[in-house]
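Student: I am new to this structure and would be grateful for a close look at a single part of it, the packing of its helices. Please set that part in the context of the whole.

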Amino acid sequence: MVGMILWKNPEKGGGAVTIRERSILRVRFWCAEIARGPHTPEAVLRRRVRSAGKRLRKQGVTRLVLPEQFEEMPQLEKQGLGPASTLGLRKSIAADWVRWLLNSGGRGTAGAKIGVSADRLTGEVVRTVTELALRHRYVLLDLPKGGEELARQLRREYGVSLLLNPSKEQMEETDALVVFDAGGDWESCRMLPLYDETSPLPPLMLPPALEEKLPEGCDRGQLLAVLREQGGLRPGQITVGGGNSAK
């Protein structure tokens, strides 16, 4: 079960900590609203967070969508709670993320060279490489096993080619370097480390009718990741670009 923590204005009443079930885009959350004002003592706030965590765990919650810039996670981790992962979201938007990165940097996409590094061939890697190969002229693939089969498939089905077994220098000279797994020794300022949840996400937008149904004040990346994972968002409803940024 996924939970959510939101700050609330203490002047609205209703108790220091309230727990209720909430549905967002047909996805159920146990939501803890914690009173926090500009003069709430830190000790009081920590006590309220611990209380909220304990009550959420009683409801079977193990993962949380947190407020933006939340600093109380260590005490919740002691209670068996952890932040909702954004890894699946990051990998699902990788190809669009590359396009946004190139356009925002003024480099364009037509003749761009894109590098992709992964430890193994997964469905996410296949999807990303396929999308990139259809959009960009040059795609370099660093993959220990399975690259040849994927290259043959793309050439047969779409008439596009991959550059297999590129050198480290070739990969680091690409206009964007998509890295699925940690452990590589890459040196590129244009790298997208899809394994690193501390790396800022690009701006992520939804259709206006869906945007207005999202709660304010929570970590946008975590919320969209959970909604996508639980079926509240369909493929293609998350657009990379726009005015809001997610962390």
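Tutor: The protein contains 9 helices and 12 strands, as seen in a predicted model. Its C-alpha atoms occupy a box of roughly 60 × 35 × 30 Å along the principal axes. Of its 247 residues, 46% count as buried. Among contacts between residues at least 6 apart in sequence, 66% link residues at least 24 apart.

We may now turn to the helices. Two packed helices are described by the angle between their axes and the distance between the axes. For helix α5 (residues 123–135) and helix α6 (residues 147–158), the axes come within 11 Å and cross at roughly 45°. An angle between 35 and 65 degrees falls in the oblique range, and α5 and α6 are therefore oblique to each other. The crossing in which α5 passes α6 is right-handed. On the α5 side, the residues involved are Val126, Val129, Thr130, Ala133 and Leu134, and they meet Leu150, Leu154 and Tyr158 of α6. By class, this contact of α5 with α6 comprises 7 nonpolar residues, 1 polar residue and no charged ones.

Helix α5 also packs with α4, at an angle of about 40° and with the axes 8 Å apart. Here α4 contributes Ala94, Ala95, Asp96, Val98 and Arg99, which meet Thr128, Glu131, Leu132 and Arg135 of α5. The contact of α4 with α5 has 4 nonpolar, 1 polar and 4 charged residues. Charged residues are thus present in the contact of α4 with α5, whereas the contact of α5 with α6 has none.

Helix α4 leads on to the interior of the protein. The largest nonpolar core has 53 residues, and those with the most contacts inside it are Phe29, Val65, Leu162, Val178, Leu224 and Leu227. To this core, helix α4 (residues 94–104) gives the most, namely 6 residues. Another core lies apart from it, with 16 residues that include Ile5, Ile34, Phe70 and Leu81.

Val65 illustrates the surroundings of one core residue. Setting aside neighbours within four places in sequence, Val65 is in contact with Val2, Gly3, Met4, Ile5, Phe29, Ala84, Cys218, Asp219, Gln222, Leu223 and Val226. Among these partners, Phe29 is also one of the residues with the most contacts inside the largest core, while Ile5 is among the residues of the other core.

Technical notes: Residues numbered from 1 in each chain as written. Predicted model: local features only at pLDDT ≥ 70, side-chain atom pairs only at ≥ 80, totals over all residues. Heavy atoms only, no water. Core = buried A, V, L, I, M, F, W, Y, C linked by side-chain atoms within 4.5 Å. Buried < 20%, exposed > 50% of the residue type's maximum accessible area, 1.4 Å probe, protein only. Helix = DSSP H or I, 4+ residues; strand = E, 2+ residues; numbered from the N terminus. Contact = heavy atoms within 4.5 Å. Axes fitted to C-alpha atoms, helices over the stretch in contact; angles between N-to-C directions. Parallel < 35°, antiparallel > 145°, perpendicular 65-115°, else oblique. Left-handed = near helix turned anticlockwise from the far one by under 90°. Nonpolar A, V, L, I, M, F, W, Y, C, P; charged D, E, K, R; others polar.
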